[in-house]
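Work through the exercises below with the sequence and the model open. Each task is followed by a solution in steps.

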Amino acid sequence: MNLLWLQSGGCGGCTLSLLGAEAPGLFETLGGAGIRVLWHPSLSEASGGEVLDLLARVETGEVALDLLCIEGALLRGPNGTGAFHRFAGTRTPMIDWVRRLAARAHYCLAIGTCAAFGGVTAGGSNPTDACGLQFEGTYRGGLLGTDYRSGAGLPVINVAGCPTHPDWVTETLMAIALEGLTTQDLDAYARPRMYADQLVHHGCPRNEFYEYKASARTPSDLGCLMEHLGCLGTQAHADCNTRLWNGSGSCTRGGYACINCTSPEFEEPGHAFAETPSLAGIPIGLPTDMPKAWFVALSSLAKAATPERLRKNAVSDHVAVPPTIRPTKLR
């Protein structure tokens with residue numbers, strides 16, 4: 001299968017993340033799945049006229065385009081002209097290239113939250129009129145419009161994340177190459193369910209603190225980051241704590257609150273990322289699927305039952321109280 005990768009309004013972080021694919025590496029993985037990279041702006045040698053010639057042959061159908069990957073938000077400004085971002089070496093706005101090539105693609109993939117929903121690039125007053133390929137925040141539409149379907153009959157596949165995990169990209173591409181994807185493999189925001197059906201909360205090493213609502217107060221504390229430090233891991237759709245980054249890490253394992261970067265409009269939560277808005281001491285953003293009354297009741301019971309070990313360790317930057325050693329044999 002032929003893969004073409006274009007970069008638009010973003011930081012390039014998703015490509016940098018992709019290069020971290022390991023066991024096997026990126027090119028071994030793609031090669032093993034029978035995927036041939038036609039061109040990538042950061043990884044390919046071809047440039048200038050060679051690339052323009054390639055794009056022309058793709059556009060005419062001379063070269064098949066099986067996989068079109070777009071990284072970065074699409075910049076429609078000013079006034080819908082797309083002139084803020086013209087493809088280097090041409091006078092043609094990138095959004096026009098994307099529209100024309102997407103019409104040829106058998107599968108179209110948004111790589112990262114910027115390409116999927118607009119992301120950080122669309123934050124604030126959004127002077128570049130940035131949007132995602134088929135979403136603008138939580139609203140369907142984006143650059144290609146609600147009705148867009150690739151040659152395979154699918155909407156844009158949103159491999160969201162800021163940056164996206166390298167495995168989310170390679171496993172999606174491999175799934176397409178080996179078996180194809182259907183709409184049943186995508187969630188409501190067209191994210192691949194193989195990672196979006198999980199929550200960051202799953203596998204979080206702070207879960208024991210969460211269970212007893214033993215909460216951290218400062219970023220270096222060991223306790224749960226949800227109640228005071230803005231962590232959205234109980235609501236964020238991703239498998240970051242079961243599919244670790246670089247083989248060993250995640251945001252919460254590193255002491256940082258999950259900011260829900262796989263979701264549309266994560267960039268503007270309405271409060272500081274490291275703060276949890278609350279009302280009468282109850283976090284406004286409750287865990288997914290948990291009614292408020294349940295949370296209040298369970299939270300009260302959990303706090304009343306919090307072991308002294310967890311209470312002290314939650315507000316310490318090291319294990320202040322180790323677990324008690326007890327015999328476990330039946331007697």
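**Exercise 1.** Classify cysteine 162 as buried, partly exposed or exposed, and describe its surroundings.

Solution. This is a predicted model, and the classes apply to its coordinates. Step one: the relative accessible area of cysteine 162 is 38%. Step two: buried requires under 20% and exposed requires over 50%, so cysteine 162 is partly exposed. Step three: cysteine 162 sits in the loop between strand 9 (157-159) and helix 6 (166-178). Step four: with residues up to four places away in sequence set aside, cysteine 162 touches Thr113, Val120, Cys261 and Phe266.

**Exercise 2.** Find the residues to which UniProt assigns the feature "binding site", and decide whether they are gathered or scattered in space.

Solution. Step one: the unreviewed UniProt entry places this feature at Cys11, Cys14, Cys114 and Cys162. Step two: these positions span 152 residues in sequence, but no two of their C-alpha atoms are more than 10.1 Å apart, so they gather at one spot. Step three: of these residues, Cys162 is included in the lining of the largest pocket. Step four: cysteine 11 belongs to the loop between strand 1 (2-7) and helix 1 (13-18). Its relative accessible area is 76%, so cysteine 11 is exposed.

**Exercise 3.** Locate the cis peptide bonds at proline 78 and proline 163.

Solution. Step one: most peptide bonds are trans. Step two: glycine 77 and proline 78 are joined by a cis bond with omega about -5°. Proline 78 is in the loop between strand 4 (74-75) and helix 4 (94-102). Step three: the bond from cysteine 162 to proline 163 is also cis, with omega near -5°. Proline 163 lies in the loop between strand 9 and helix 6.

**Exercise 4.** What is the sign of phi at asparagine 260 and at glutamate 265, and how accessible are these residues?

Solution. Step one: most residues other than glycine have a negative phi. Step two: phi is positive, about 65°, at asparagine 260, and it is positive, about 65°, at glutamate 265. Step three: asparagine 260 is in the loop between helix 8 (207-211) and strand 10 (278-279), and glutamate 265 is in the loop between helix 8 and strand 10. Step four: asparagine 260 has a relative accessible area of 15% and is therefore buried. Glutamate 265, with 36%, is partly exposed.

**Exercise 5.** Determine whether asparagine 313 and alanine 188 are buried or exposed, and list their contacts.

Solution. Step one: asparagine 313 is in helix 10 (residues 308-313). With a relative accessible area of 3%, asparagine 313 is buried. Step two: beyond four places in sequence, asparagine 313 touches Phe209, Leu222, Gly223, His318, Val319, Ala320 and Val321. Step three: alanine 188 is in the loop between helix 6 and helix 7 (193-196). Its relative accessibility is 59%, so alanine 188 counts as exposed. Step four: apart from neighbours within four places in sequence, alanine 188 is in contact with Phe135 and Arg140.

**Exercise 6.** Describe the protein chain as a whole.

Solution. Step one: the protein chain contains ten helices and eleven strands. Step two: 49% of its 331 residues count as buried. Step three: among contacts with a separation of 6 or more, 70% involve residues 24 or more positions apart. Step four: the protein chain carries 25 positive and 31 negative side chains, and the centres of the two sets are 8 Å apart.

Conventions
Residues are numbered from 1 along each chain as its sequence is written. This is a predicted model: local features need pLDDT of at least 70, side-chain atom pairs count only at pLDDT 80 or more; totals for chains, interfaces and linings use all residues. Side-chain values use heavy atoms; hydrogens and water are left out. Helices (H or I, at least four residues) and strands (E, at least two) are DSSP runs, numbered from the N terminus. Buried means under 20% relative accessible area, exposed over 50%, partly exposed in between (1.4 Å probe, protein chains only). Contact means heavy atoms within 4.5 Å. Lys and Arg count as positive and Asp and Glu as negative; His and the chain ends are not counted. The place of a charge is taken as NZ of Lys, CZ of Arg, CG of Asp or CD of Glu. UniProt positions are given in the numbering used here, feature names are shortened, and annotations may be inferred rather than shown by experiment. On a 1 Å grid over the protein atoms alone, a cavity is a set of points where a 1.4 Å probe fits but cannot get out, and a pocket is an open set with protein on both sides within 12 Å along at least five of seven lines; lining residues have an atom within 4 Å of a point.
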